[in-house]
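Please look through the sequence and the model below before reading on. The text then goes through charged pairs, strands and a helix in turn.

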Amino acid sequence: MINNNGDTLFFLLADDHTLIRQGMVFVLDEIEINYKAFHASNFRQIIDCITTHPIHIAIIDAHFPEGNSLQIISEIKEKKPDIKILIFSGIDENTHALKYLNAGADGFLSKLNEEEEIKQSILTMIKTGEYISPLTRTLLMHSLTNRNLVNPLLSLTDREMEIASMYAAGYGNLEIANMLDVKQNTISTIKKRMFKKLKIENIVELIELVKNHS
C-alpha cells in the first residue's frame, strides 16, 4: 500500500495535452482522496517535478513530442525508485503494454477505458502499487512461453537484426547492400520480411523498435 494513514497523496499528471491532465483531475476528485496533483507537459518538467516533490504516483502518457516515455521511465526509477508509474495512453494495450512494464512501469491503462475502470485502476495503484488489467495479465502469461511478446526483435534472425540495426543507424538500402556486399533487391526483400514479422509498416516503426528493445 502506498498510503494507509490518510496523509496527502502526491500525483504527477504528465501529458502534453492539457485536457487529458484536467480530465484526470476530475477523476481524482471523484475518488474522494486526500491528494495534490502536479502537472508536466514534457520530459524536462517530469524530471523537475519528481526531483522537487515527493511524488507517490506518476500518471504518464506513452508519447510526448520529445519521444516515447520508455526513455523516461528508467530515469524516474533511477532517481526515485519508490515512485509508482502508471502509463496512461491511447496506444494499443495489446501491442505496447508489455514493453512499458518491461521498462519499469508499474501499470498500463488505456485512455479508451470507461471512467469507472480508470477510477478503479488508480485505487488499485494506491492500494497495491501496481495495476495490471485483465488483458495485460493475459499477455504476461503468454509471454512466459513467447518472449517475442516482450521483445519482438527476438523473432528476427541474426542477419535480419544486423540489417535492422543498420537502418536504425541511418543507413539506406543501397548503403546497407554495399556494406554487406549483396544486391539492393536482397535488402529490400529482407526489409519486407522483417516488416511482416514485426507487424510494422515503415522504417520509422522499425527504428523505434530497435531503439526500445536493443
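**Salt bridges, strands and a helix**

Glu115 is partly exposed, with 38% relative accessible area. The model in which this value was computed is a predicted one. The side chain of Glu115 meets that of Lys119 in a salt bridge, with an N to O distance of 3.6 Å. Lys119 has a relative accessible area of 16%, and the cut-off for buried is under 20%, so Lys119 counts as buried. The two residues, Glu115 and Lys119, are four residues apart in helix H5, and about one helical turn separates them. An α-helix has 3.6 residues a turn, so residues three or four places apart point the same way.

A second pair within a helix is found in H7, residues 158–168, where Glu162 and Arg159 are three residues apart, about one turn of the helix. Their closest N and O atoms are 3.1 Å apart, and the two residues form a salt bridge. Glu162 is partly exposed at 33% relative accessibility, and Arg159 is partly exposed as well, at 38%.

How many salt bridges does a search of the whole structure find? The search finds nine. One of them joins the side chains of Lys111 and Asp15, at 2.9 Å from N to O. Lys111 lies in the loop between strand S7 (107–110) and helix H5 (115–128), while Asp15 lies in the loop between S1 and helix H1 (18–31), so this pair ties together parts that are 96 residues apart in sequence. Asp15 is buried, with a relative accessible area of 3%, whereas Lys111 is partly exposed, at 24%. Asp15 and Lys111 also belong to a network of salt bridges that includes Asp61.

Asp15 leads back to strand S1, since the loop that holds Asp15 lies between S1 and H1. S1 covers residues 9–14. Strand S2, residues 35–40, runs parallel to S1, and six bridges join the two. Leu9 has Tyr35 as its bridge partner in S2. From S1 the chain passes through H1 to S2, and this β-α-β crossover is right-handed.

S1 also pairs with S3 in the parallel sense, over four bridges. In S3, Ile60 is the bridge partner of Ala14. S3 is joined in turn to strand S6 (residues 84–89) by four bridges, and these strands too run parallel. Here Ala58 has Ile85 of S6 as its bridge partner.

Are the faces of strand S3 covered or open? Both faces of this strand, residues 57–60, are covered. Ile57 and Ile59 lie on one side and Ala58 and Ile60 on the other, and all four residues are buried. Two of these residues have already appeared in the pairing of strands: Ile60 as the partner of Ala14, and Ala58 as the partner of Ile85.

The last element to consider is helix H4, residues 93–102. Why is H4 described as largely enclosed by the rest of the structure? Seven of its ten residues are buried, so the description follows from that count. The buried residues are Glu93, His96, Ala97, Leu98, Lys99, Tyr100 and Leu101. Charged residues are among them, namely Glu93 and Lys99. After H4 comes Gly104, which has a positive phi, near 125°.

Definitions and conventions:
Residues numbered from 1 in each chain as written. Predicted model: local features only at pLDDT ≥ 70, side-chain atom pairs only at ≥ 80, totals over all residues. Heavy atoms only, no water. Buried < 20%, exposed > 50% of the residue type's maximum accessible area, 1.4 Å probe, protein only. Pairing = 2+ DSSP bridges. Salt bridge = Lys/Arg side-chain N within 4 Å of Asp/Glu carboxyl O. Right-handed = clockwise from strand over helix to strand, strands pointing away.
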